[in-house]
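Here is a short note for a colleague who is opening this structure for the first time. The points below follow its charged side chains and then turn to the chain as a whole.

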Amino acid sequence: MKSYFKLKSFFIKDMCVLFLLAYCQISYGQTKLICYGDKIPNGWVKTGESKCFNCCIPSKNRHEITYIEKLPAGSQVSICSGSYRPGGWVKYNEISCGSCCGYNIVKEGIRKIEGLASGKEEYVCQGQNIPKGWVILSHRECNGCCGYSLPQMLIKNANGLPAGTELDVCSSSPIPTGWFKVGERDCGGCCGYSVPRHIIKKLDGMPKGTEVLLCNNFVPNGWKYFGELNCNDCCGRWTFKKYKMKKL
């Protein structure tokens with residue numbers, strides 16, 4: 001009987017420990033205050049700043065920080081400009097908030113696009129790196145939504161798109177692995193003044209015997225070069241040929 005109560009006691013104690021661990025676990029979106037100069041832990045971002053007389057001597061300033069690590073795809077958070085932005089998050093707007101982040105510091109709206117569906121499109125602020133596998137489709141003015149005279153760009157998730165897919169991307173866009181330039185055309189300033197669009201095609205996964213015309217003579221892995229085709233400005237101004245490639 002004693003051993004039974006002993007086992008029961010241990011069981012209850014262990015359950016209590018598990019309950020406390022679960023209760024104390026940091027929840028996503030949780031906010032807390034730290035003093036100016038304190039290190040911001042990994043997974044947290046600065047979302048505000050305020051005065052606090054006698055609480056953070058000698059600085060008298062404290063920061064509001066929010067835990068955003070592992071938030072689901074599509075989540076949005078407003079952070080203080082200059083705060084660490086985790087990978088997979090992009091800036092989509094900028095707003096003035098008085099002194100909410102300190103003197104003359106604005107807030108940035110950031111969105112988690114890592115993990116969004118293949119083919120998903122998002123408007124984000126120009127002048128930032130975009131996650132791997134995303135491409136830039138166009139630019140647009142947004143009346144200062146991203147800061148003075150900075151436009152937005154429309155980006156698309158090319159990860160997981162089927163073999164043979166073609167996309168028109170700005171010439172400034174990164175080209176994902178397995179995609180190659182097959183043409184070029186004007187888009188009436190959609191990518192900026194006198195900036196053309198590149199037509200790119202996904203070659204990875206295409207069946208044996210497939211033939212394509214590329215804008216340069218680089219031979220992709222698993223393909224072979226078998227000739228040229230004359231053309232006028234087909235891959236940009238002053239280009240006169242394309243290169244024939246065949247999947248082995």
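1. In this predicted model, K91 has a relative accessible area of 9%, and because the cut-off for buried is under 20%, K91 counts as a buried residue. Its partner E94 stands at 22% relative accessibility and therefore falls into the partly exposed class. The side chains of E94 and K91 meet in a salt bridge, with N and O 2.7 Å apart.

2. The pair of E94 and K91 also belongs to a wider arrangement, since salt bridges link R85, K91, E94 and E108 in a network. As a general background to such pairings, side chains of opposite charge can pair when their charged atoms come close.

3. What is the burial state of E49 and K46, whose side chains also pair? Both E49 and K46 are buried, and their side chains form a salt bridge with an N to O distance of 2.7 Å.

4. K241 and E228 form a further salt bridge, in which the closest N and O atoms are 3.1 Å apart. This pair links distant parts of the chain, with K241 in strand 15 (residues 241-247) and E228 in strand 14 (residues 223-230), the two being 13 residues apart. K241 has a relative accessible area of 31% and so counts as partly exposed, and E228, at 37% relative accessibility, is likewise partly exposed.

5. K107, which lies in strand 6 (residues 107-112), deserves a separate look. This lysine is buried yet has no salt bridge, and the nearest side chain of opposite charge, that of E64, is 5.3 Å away; the cut-off for a salt bridge is 4 Å. A polar atom of the K107 side chain does, however, lie 2.9 Å from the backbone oxygen of T47. Leaving aside residues up to four places away in sequence, K107 touches T47, S78, I79, S81, N93, E94, I95, C97, C100 and C101, and E94 in that list is also a member of the salt-bridge network.

6. For the chain as a whole, the count comes to 10 salt bridges, and the secondary structure consists of 1 helix and 15 strands. Of the 248 residues, 40% count as buried, while the chain exposes about 15,100 Å², of which carbon and sulfur atoms supply 53%. Among contacts between residues at least 6 apart in sequence, 57% join residues at least 24 apart.

Key
Residues numbered from 1 in each chain as written. Predicted model: local features only at pLDDT ≥ 70, side-chain atom pairs only at ≥ 80, totals over all residues. Heavy atoms only, no water. Buried < 20%, exposed > 50% of the residue type's maximum accessible area, 1.4 Å probe, protein only. Helix = DSSP H or I, 4+ residues; strand = E, 2+ residues; numbered from the N terminus. Lys, Arg positive; Asp, Glu negative; His and termini not counted. Polar contact = N/O pair within 3.5 Å; in protein donor to acceptor, adjacent residues only side chain to side chain. Contact = heavy atoms within 4.5 Å. Areas by Shrake-Rupley, 256 points an atom, 1.4 Å probe, with all protein chains shown as cover.
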